[in-house]
Amino acid sequence: MVTDRPRVLSGIQPTSGSFHLGNYLGAVRQWVSLQETHDAFYMVVDLHAITVEQDPATLRENTRVSVAQLLGVGLDPERCTLFIQSHVPEHAQLGWVMNCFTGFGEAARMTQFKDKSGKQGADRTTVGLFTYPILQVADILLYQADQVPVGEDQRQHIELTRDLAERFNSRLGQTFTVPNPYILKETAKIFDLQDPTSKMSKSASTPKGLVNLLDEVKTSTKKIKSAVTDTGTVVSYDEQEKAGVSNLLRIHSAISGRSVPELVEHFEGRMYGALKTELAELYAEWVAPIQQRTRSYLDDPAELDRVLARGAEKARAVAGETLATAYDRIGFLAAKR
Ligand code: AQP
């Protein structure tokens, strides 16, 4: 399908049995709205998942659950192209090419690598983890994406993508669209409910501050009600002095659609407990239909396979064309069929 809509591309790792609220509010929610206005390509990035050790059966299961969840939160295969990264071999192929356009020092500056390798220790850190931002560059450039909806933690990788696209284009001629990050300020970084100075992350030292969308609702509402706040009592927005309360207000606002100032007014004269209780109720009501839809997709594996086969076919048509152009610009002798 040829469209004159701007193109978006983004991906999510199948490294957990559930997406968390940070993944959803930081990125996936935007994916759902952008499918209405953009030519949207979204993928489950299993090649990225193996940068850390994975159990094969769990990886396969998490990949299916990830796809079902993306459909459950509202992606519509009629409105976007949804696929699995490893179904499109061009990712690994262009990934190698982009490795050869990246300086070692440039790759070593990626803060996500420093954070993750720091947590894992040198012995368990793979070369794949070091080069994964470059594979991400290839992911984006293959689709000539104009915009990349992600959370704040990915901004540096989009900047790397821009640099490498410009480098390739200026050395070998216009080949790749130079993309822009699409990061919504309000939800760019959702914080851990127990440590509101750290981003919500599945690899946090304790799961107490992590809200997984597919966890039992009771477990999540309990976590929301036990969120760390501060010694004050007045519900107001102050990212420095009231990091925990501000995080809860931003989450409330994203789910309820009410602005933060409106919420501050709404909670005037009431204490933090009122905010937590209301947010827990709101969350429970919001997540129940998502869980139900996800379950119904998981109950229909044949339909999931159909969605993924169609997605891979559509993705390969675009990715194949870009890779062929890039190979030609580089000077690879074309294979005659
Ligand atoms: N806390 C967050 N706030 C806002 N956005 C977030 N994202 C992740 N955490 C937050 C965004 O989610 C998208 C998918 O990211 P991913 O596949 O890289 O997820 P992840 O890295 O597996 O998530 P974690 O929990 O952060 O994993 P670890 O602990 O392994 O580092 C991205 O757009 C990301 O910005």
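Modeller: Before you start asking, one definition: helices and strands here are DSSP runs, a helix having at least four residues and a strand at least two, and they are numbered from the N terminus. Also keep in mind that this is a predicted model.

Colleague: Okay, let's try that out. Where does Q144 lie?

Modeller: Look at the two elements on either side. Helix α7 covers 127-142, and strand β4 covers 147-149. Q144 belongs to neither run, and its place is the loop between α7 and β4.

Colleague: Is Q144 buried, partly exposed or exposed?

Modeller: Buried means under 20% relative accessible area, and exposed means over 50%. Q144 has a relative accessible area of 21%. Its phi is near 55 degrees, a positive value in a residue other than glycine. Going by its area, Q144 counts as partly exposed.

Colleague: Now the ligand. Which residues around it come nearest?

Modeller: The ligand has 22 residues around it, and these divide into 6 nonpolar, 11 polar and 5 charged. Those that come nearest are D153, K199, S201, K202 and S203.

Colleague: How far is the side chain of S201 from the ligand?

Modeller: Let's go through some polar pairs. A polar backbone atom of Q13 is 2.8 Å from an oxygen atom of the ligand, and for D153 a side-chain N or O atom is 2.4 Å from a ligand oxygen. For S201, the distance from a polar side-chain atom to an oxygen atom of the ligand is 2.4 Å.

Colleague: And how much of the ligand does the protein bury?

Modeller: Start with the ligand taken alone, when it exposes 650 Å². Then put the protein around it, and the share of that area that gets buried is 93%.

Colleague: Which helix gives the most residues to the shell around the ligand?

Modeller: The top contribution is 4 residues. They come from the helix spanning residues 21-34, and that is α1.

Colleague: Q30 is in α1 too. Which backbone oxygens lie by its side chain?

Modeller: First, Q30 is buried, because its relative accessible area is 3%. A polar atom of its side chain lies 3.1 Å from one backbone oxygen, that of L25. Another pair, at 3.0 Å, involves the backbone oxygen of G26.

Colleague: Is N62 buried or exposed?

Modeller: N62 sits in helix α3, residues 56-72. Beyond residues up to four places away in sequence, it touches P14, T15, S16 and G17. Its relative accessibility is 9%, so N62 counts as buried.

Colleague: What about the nonpolar parts: how many residues does the largest nonpolar core have?

Modeller: In soluble globular proteins, nonpolar side chains tend to be buried together. Here, L21, Y42, L70, L82, Y283 and W286 have the most contacts inside the largest core. A second, separate core, with L9, M110, L129 and A145 among its members, has 39 residues. For the largest core, the number is 52.

Colleague: Last one. What is the relative accessibility of F83?

Modeller: F83 lies in strand β3, residues 80-84. Leaving out residues up to four places away in sequence, it touches F41, Y42, M43, V44 and H91, among others. V32 is 51 residues away from F83 in sequence, and their C-alpha atoms are 15 Å apart. F83 counts as buried because its relative accessibility is 0%.

Definitions and conventions:
Residues are numbered from 1 along each chain as its sequence is written. This is a predicted model: local features need pLDDT of at least 70, side-chain atom pairs count only at pLDDT 80 or more; totals for chains, interfaces and linings use all residues. Side-chain values use heavy atoms; hydrogens and water are left out. A residue is near a molecule or strand if one of its heavy atoms lies within 4 Å of it. A polar contact is a pair of N or O atoms within 3.5 Å; within protein, one must be able to donate a hydrogen and the other to accept it, and residues adjacent in sequence count only if both atoms are side-chain atoms. Accessible areas come from the Shrake-Rupley method with a 1.4 Å probe; for residues, only the protein chains shown count as cover. Ala, Val, Leu, Ile, Met, Phe, Trp, Tyr, Cys and Pro count as nonpolar, Asp, Glu, Lys and Arg as charged, and the others, Gly among them, as polar. A nonpolar core is a set of buried Ala, Val, Leu, Ile, Met, Phe, Trp, Tyr and Cys residues joined through side-chain atoms within 4.5 Å. Buried means under 20% relative accessible area, exposed over 50%, partly exposed in between (1.4 Å probe, protein chains only). Contact means heavy atoms within 4.5 Å.
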